[in-house]
Amino acid sequence: MTTTEPSKTGPTLASLDPRDGTVLAEYPIAGPEEVALAVERARAAARWWSAQGPRGRREWLLEYKRAIASRADELAFLISAETGKPDEDATLEVMLTVSHLEWAAKNADRVLRRRSVSAGLLMSNQAAYVEYQPYGVVGAIGPWNYPAFTPMGTLSYAMAAGNAVVFKPSELTPGVGVWLAEVWNSLGASQPLFQTITGDGATGAALCRAGVDKLAFTGSAATGRKVMAACAETLTPVVIEGGGKDAFLVDRDADLDSAVDQAVFGAMGNAGQTCAGVERIYVHREVRDAFVHKFTAKVRALTPGTSVTSSYGPMTLPSQIDIVRRHVEDALARGGTAVIGGEESVGERVVEPVVLVDVPEDSTAITEETFGPTVVINSVADLEEAVEKANASSYGLGGAIFTGSRKRGLALAEKLDVGMVSVNAFLAFAGIPSLPFGGSGDSGFGRIHGADGLREFSRPKAITAQKFAAPLNLMTMTRKPRDIKVVKWMLANVQGKL
């Protein structure tokens, strides 16, 4: 189901421009029967896709990449309209989408082809191999904050791994999901390898129960738990990306200008609606005042609003506004200070920047995902304390460390309990297709992107082939006493080495 025409017989949902509430289009709400039918069609398409072979799949996906790139302005316009983000941010999202699609297409065969592994001394008569086979049909439930880049981290890697995909985009951004499927279908494939089904939460729940072989979800941790529960009914494996509360660490010898520039982008970009965005900043106390001075000066220069040229746009999800307001109120009530903005910054559509300092670590502004253009800056005695406070979160998605020593930055990165860290940069890991993306704790589990992302949507298979008769024939009911003696000698020898 990839039509942009409203259903003539069933319920529909409206896609709205969050900048002014304009209805952009209406889309059908797929029910359980329609979802199940899409999965059934995908299963036949998966067989066709498998028959294309690694080279054929590569060429199809590269053609898909070229088709998206040739219509980049069209996609960026649609992303901007459905999310409210500025044109430049939407264009950057398209660029990242195309980059990851290309990497997946070009590297799938290398990563997933059969490879030899050591059989070990005891089984030296065997040749041992590992190969990766597609699941078959992968379902994806996408988010609204990055409606092309984030889901395509599942869709493109799943397709490159040999799977058919059924995509349920967020009800806030159905048009982007429909567009991605329509561009694929415009290539002339004879089978519906990529299908988009539009709908609300009930449609997503139906996809969980529709018989997909694996499901990837991006959204809140609370909804992720519901997805897992639904998939557990049929033991359907899942990939969960449940958001974050990422920390940004600044050492006393860091390049403050660079750190400030990256931190402002990480905290305020996309109106703070980035799962791996900057929500907590821990600064060495010796440079805390200088950092806050530079940071606030840059934030004051921002021009949020509903224009396509605004620094950032409105809140895409209206209910998120109340969460932002609640977190700001709690931080101030607990003794924190707003050096920019405050409760009055939370508007009907647009939230003006809010910069909070000296906020207690048990405030909801520290412990819960805010997902808005607000940030907390707290001082620490050293970066060891910063790491300790960063790790106190239930989330474990990403983080950033700014320090004068790359070696020290890498050592500190190992101590952060997150899935991804950038040293002297923000979010660099998301722009590098060869790196895996994902977290732990309330941020979920599983990985997209990179070789790990390709393997995430593949089943590993172990294969052996006997090369010659075994010197020790142990896999028989008539073992020789001599062979058991040799085994006992080997065990004793191993004990001695230990």
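These exercises work through two sheets, a helix pair and two loop residues in a predicted model.

Residues are numbered from 1 along each chain as its sequence is written, and side-chain values use heavy atoms, with hydrogens and water left out. In this predicted model, local features need pLDDT of at least 70 and side-chain atom pairs count only at pLDDT 80 or more, while totals for chains, interfaces and linings use all residues.

**Exercise 1. The sheet of three strands**

Task: Find which strands stand at the edges of the sheet with the order 3-4-20.

Solution:
- Step 1. Know the terms. Helices (H or I, at least four residues) and strands (E, at least two) are DSSP runs, numbered from the N terminus. Two strands pair if DSSP finds at least two bridges between them.
- Step 2. Read the order. The sheet is open, and its pairing is antiparallel.
- Step 3. Pick the edges. Strand 3 (115–117) and strand 20 (458–466) each have a single partner strand, so one side of each lacks a neighbour in the sheet.
- Step 4. Add the twist. From one strand to the next it averages 35°. Angles run from 0 to 180 degrees between N-to-C directions, and axes are lines fitted to C-alpha atoms, for helices over the stretch in contact.
- Step 5. Check one pair. Nine bridges join strand 4 (residues 126–134) to strand 20 in the antiparallel sense. Gln 126 faces Gln 466 of strand 20.

**Exercise 2. Two helices in contact**

Task: Describe how helix 2 and helix 6 pack.

Solution:
- Step 1. Take the geometry. Helix 2 (residues 53–70) meets helix 6 (residues 174–185) at an angle of about 120°, and their axes are 9 Å apart.
- Step 2. Classify the angle. Helix 2 is therefore oblique to helix 6. The cut-offs are under 35 degrees for roughly parallel, over 145 for roughly antiparallel, 65 to 115 for roughly perpendicular, and oblique for the rest.
- Step 3. List the contacts (heavy atoms within 4.5 Å). Helix 2 brings Trp 60, Leu 61, Tyr 64, Ala 67 and Ile 68; helix 6 brings Trp 179, Leu 180, Val 183 and Trp 184.
- Step 4. Sort them. Nine are nonpolar, with no polar and no charged residues. Here Ala, Val, Leu, Ile, Met, Phe, Trp, Tyr, Cys and Pro count as nonpolar, Asp, Glu, Lys and Arg as charged, and the others, Gly among them, as polar.

**Exercise 3. Strand 5 and its surroundings**

Task: Decide whether the residues of strand 5 are buried or exposed.

Solution:
- Step 1. Place the strand. The open sheet has the order 7-6-5-8-9-19, with mixed pairing. Its edge strands are strand 7 (194–196) and strand 19 (444–445).
- Step 2. Look at a neighbour. Strand 5 (residues 137–141) pairs with strand 6 (residues 164–168) in the parallel sense, over five bridges. Ala 140 stands opposite Phe 167, and Ile 141 has Lys 168 as its bridge partner.
- Step 3. Add a helix. Helix 7 (residues 201–208) packs on the sheet and touches strand 5, strand 6 and strand 8.
- Step 4. Use the alternation. In a regular strand the side chains alternate between the two faces of the sheet. In strand 5, Val 137, Gly 139 and Ile 141 lie on one side, Val 138 and Ala 140 on the other, and all are buried.
- Step 5. Conclude. Five of the five residues are buried, so strand 5 is largely enclosed by the rest of the structure. Buried means under 20% relative accessible area, exposed over 50%, partly exposed in between (1.4 Å probe, protein chains only).

**Exercise 4. Positive phi**

Task: Locate Leu 235 and Leu 427.

Solution:
- Step 1. Leu 235 lies in the loop between helix 8 (221–232) and strand 9 (238–241). Its phi is positive, about 55°, although it is not a glycine. Leu 235 is exposed, at a relative accessible area of 76%.
- Step 2. Leu 427 sits in the loop between strand 17 (420–423) and strand 18 (440–441). Its phi is positive too, near 60°.
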